[in-house]
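The paragraphs below walk through one protein model, going from single residues to paired strands and then to the open space between the atoms. Please keep the sequence and the structure in view while reading.

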Amino acid sequence: MSDLLLEVIALDARDAEQAEAGGADRIELVCDMAADGLTPTAATARRVLAATDLPVRAMLRDAAGFAPESLTRLCRDAVALRELGVTEFVLGFLDDRGAVDVGVCRTVLGELDGARWTFHRALDNAADPLAAWDEVVELGADTVLTAGSKHGVAQGIPVLRELAARQREGAPVVMAGGGLRVDQVSGLRSAGVRCFHVGSAVRPQGWDHPVSAEAVRSWVELISGD
């Protein structure tokens, strides 16, 4: 897929195996999708790392919303995951004004020893997503997962286009995700989006069932234009 990338949400080792079998490029490892994805357990991370050769980005988020419930625990979890062999992460925090909480982000990042990381859809819930982008650039994320709107990609296309136009050398890449539909991919590709993120779209039977390798393969073909 050259510079194109498809990231798939995995909840366990079976999901990771199916994502890899379907041709995904990267795993986002989380637990508890009822809370929109929280930090996976160490046991799950260990099994996933053993099950796939794909890069695995582990979520660092200990509660629903965009502020940590316990920053100390979150940092402890980050260290534990690194010690297991996780080398890439996903995080993002907002303050009570809806701005990027730079202090909290820097505290967590301080435990990651320069690991590559994604700023997740906290950006979509920021008071000003475009201003939040500038903060994230300064923090050093290599990827921003965004739908362009807290309501999903369908409502966020204008912001996604603007963020895609801000991609440059040394800045994060935009990864579109959050209710992403098949019919939206072509337009996003034309706008300069090269990375895509899917979860429920590759689980035809819902979150209580595993990722479908066949569904992943269909998305790979869609994104690559095959």
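A residue is called buried here if its relative accessible area is under 20%, and exposed if that area is over 50%, with partly exposed residues in between. The model under discussion is a predicted one, and a useful residue with which to enter it is Leu-180, which is found in the loop between strand S7 (173-176) and helix H7 (185-191). Because its relative accessible area is 9%, Leu-180 falls on the buried side of that cut-off. Leu-180 is also 7.0 Å from Val-198, C-alpha to C-alpha, although 18 residues separate the two in sequence.

The cysteines can be read with the same cut-off in mind. Cys-195 is buried, since its relative accessible area is 9%, and Cys-75 likewise counts as buried, because its relative accessibility is 10%. How many disulfides does a search of the whole structure find? The search finds 0, and a disulfide would require a pair of cysteine sulfur atoms within 2.5 Å. In the case of Cys-75, the closest cysteine sulfur belongs to Cys-105 and lies 11 Å away, so the two are too far apart for a bond.

From here the path leads to the strands. Strand S4 (residues 88-91) runs parallel to strand S5 (residues 116-119), and 4 bridges join them; within this pairing, Leu-91 stands opposite Phe-119 in S5. Between these two strands the chain passes through helix H4 (residues 102-109), and the resulting β-α-β crossover is right-handed. S5 in turn pairs with strand S6 (residues 143-146), again in the parallel sense, over 2 bridges, and here Thr-118 has Thr-143 of S6 opposite it. Helix H5 (residues 129-139) forms a right-handed β-α-β unit together with S5 and S6. When following side chains along such elements, it helps to recall that in a regular strand they alternate between the two faces of the sheet.

The last stop is the largest pocket, which holds about 500 Å³ of space. Which residues lie nearest its centre? They are Met-33, Asp-36, Arg-121, Gly-178 and His-197, which belong to a lining of 23 residues. By character, that lining divides into 9 nonpolar, 9 polar and 5 charged residues, and in this count Gly is placed among the polar residues, whereas Met is nonpolar and both Asp and Arg are charged.

Methods:
Residues numbered from 1 in each chain as written. Predicted model: local features only at pLDDT ≥ 70, side-chain atom pairs only at ≥ 80, totals over all residues. Heavy atoms only, no water. 1 Å grid on protein atoms, 1.4 Å probe; cavity = no way out; pocket = protein on both sides within 12 Å on 5 of 7 lines; lining within 4 Å. Points joined across faces, edges and corners; volume = space filled by probe spheres on them. Pairing = 2+ DSSP bridges. Right-handed = clockwise from strand over helix to strand, strands pointing away. Buried < 20%, exposed > 50% of the residue type's maximum accessible area, 1.4 Å probe, protein only.
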